[in-house]
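Q: Please take a close look at the largest pocket: what is its volume, and which elements supply its lining?

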Amino acid sequence: MALSVKLAAFAAATAFTASAAFAQTYPDRSITMVVPFAAGGPTDTVGRLVAEKMSADLGQTILVENVGGAGGTLGAGQVATAEADGYTILLHHIGMATSASLYRNLAYNPTEAFEYVGLVTEVPMTLVARKDFEPTDMASFITYVKANAETITMANAGIGAASHLCGMLFMQAMEAPIVTVPYKGTGPAMTELLGGQVDIMCDQTTNTTEQIKGGTIKAFAVTSPARLEIFPDLPTVVEGGLPGMEVSIWHGIYTPKGTPAEVNDRLAASLQKALADPEIVAKFGELGTAPSPAADATPAALKAKLEGEIARWKPVIEAAGVYAD
């Protein structure tokens, strides 16, 4: 065997041994989970619930760091350039897929800058309005919005936010342009809806459930394929007459490109254990969602989901002609 071949084989064996040893001791210090949205928002809520349970399993604290701005791309970009050692992870939602089309000059490639850990949950959306909005059911809601599209205002949490994406699908399904009012986050958008400054909004159940139950906003439909247990009287958008509007805001966990597969697998195993915890199941249920099953909380499932969603949203965004840069 030539000397160069021997050296290459030795280097490969050494690297494999070092990687395996690292994986066996991982983690030996705290982990930072970057959530690319403001604290208190729906994605932050999901992240903190999961981080708490994963921390217990890993034996190390997972610290949640909120890095909001630019539709989630600032936080994602921070993780993309972080050291690939498993101590910086990213919890992102559907915006990981839509940013590929919304941002024409994105600083990173969503499919190439990260490794995958697994899916966390798919949160349904709700079509809601200020509590004194005139329509009383989904049929009258559609009729009213179409007739008054030029004067109705629709809030969202900013370009690239879940509420913005759902709003685009809504206008596409309605075949009617509506005046959209972007805010710097879900909190301000909901505050304005509660105060009656805007008319309607489409947002995750993790952000609307409490308000709907309290009667401070009016709900018309859910965007899930089936009705939700917490809102059995709310029709789905398909039942209500908008078949093109089914959407869920899925969340996944990623690590920087180059993170060892053994580390990603350890994180995936911890995620699966966290999502099976009865407390997580119960708390997610209160928010109108459910944890992803073990088969989806895997690197392969998240990779397939991201790639499929990039393909799905690209024509929607291009048809709307609304970009973030």
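A: The answer below starts with the basis of the values and then turns to the pocket and its surroundings. This is a predicted model, in which local features need pLDDT of at least 70 and side-chain atom pairs count only at pLDDT 80 or more, while totals for chains, interfaces and linings use all residues. Residues are numbered from 1 along each chain as its sequence is written, and side-chain values use heavy atoms, with hydrogens and water left out.

The largest pocket (an open set of points on a 1 Å grid over the protein atoms alone where a 1.4 Å probe fits, with protein on both sides within 12 Å along at least five of seven lines) has a volume of about 430 Å³, taken as the space filled by probe spheres set on points joined across faces, edges and corners. Its lining, made of residues with an atom within 4 Å of a point, comprises 28 residues, and Phe 37, Ala 38, Ala 157, Gly 185 and Thr 186 lie nearest the centre. These 28 residues divide into eleven nonpolar, 15 polar and two charged, where Gly counts as polar and Asp, Glu, Lys and Arg as charged, with Ala, Val, Leu, Ile, Met, Phe, Trp, Tyr, Cys and Pro as nonpolar.

Among the helices and strands (DSSP runs of H or I over at least four residues, or of E over at least two, numbered from the N terminus), α2 (42-58), α6, α7 (186-194) and β7 (200-204) each supply at least two lining residues, and α7 gives the most, with three. Beyond the lining, Glu 175 lies in the loop between α6 and β6 (179-182), and its phi is near 55°, a positive value in a residue other than glycine.
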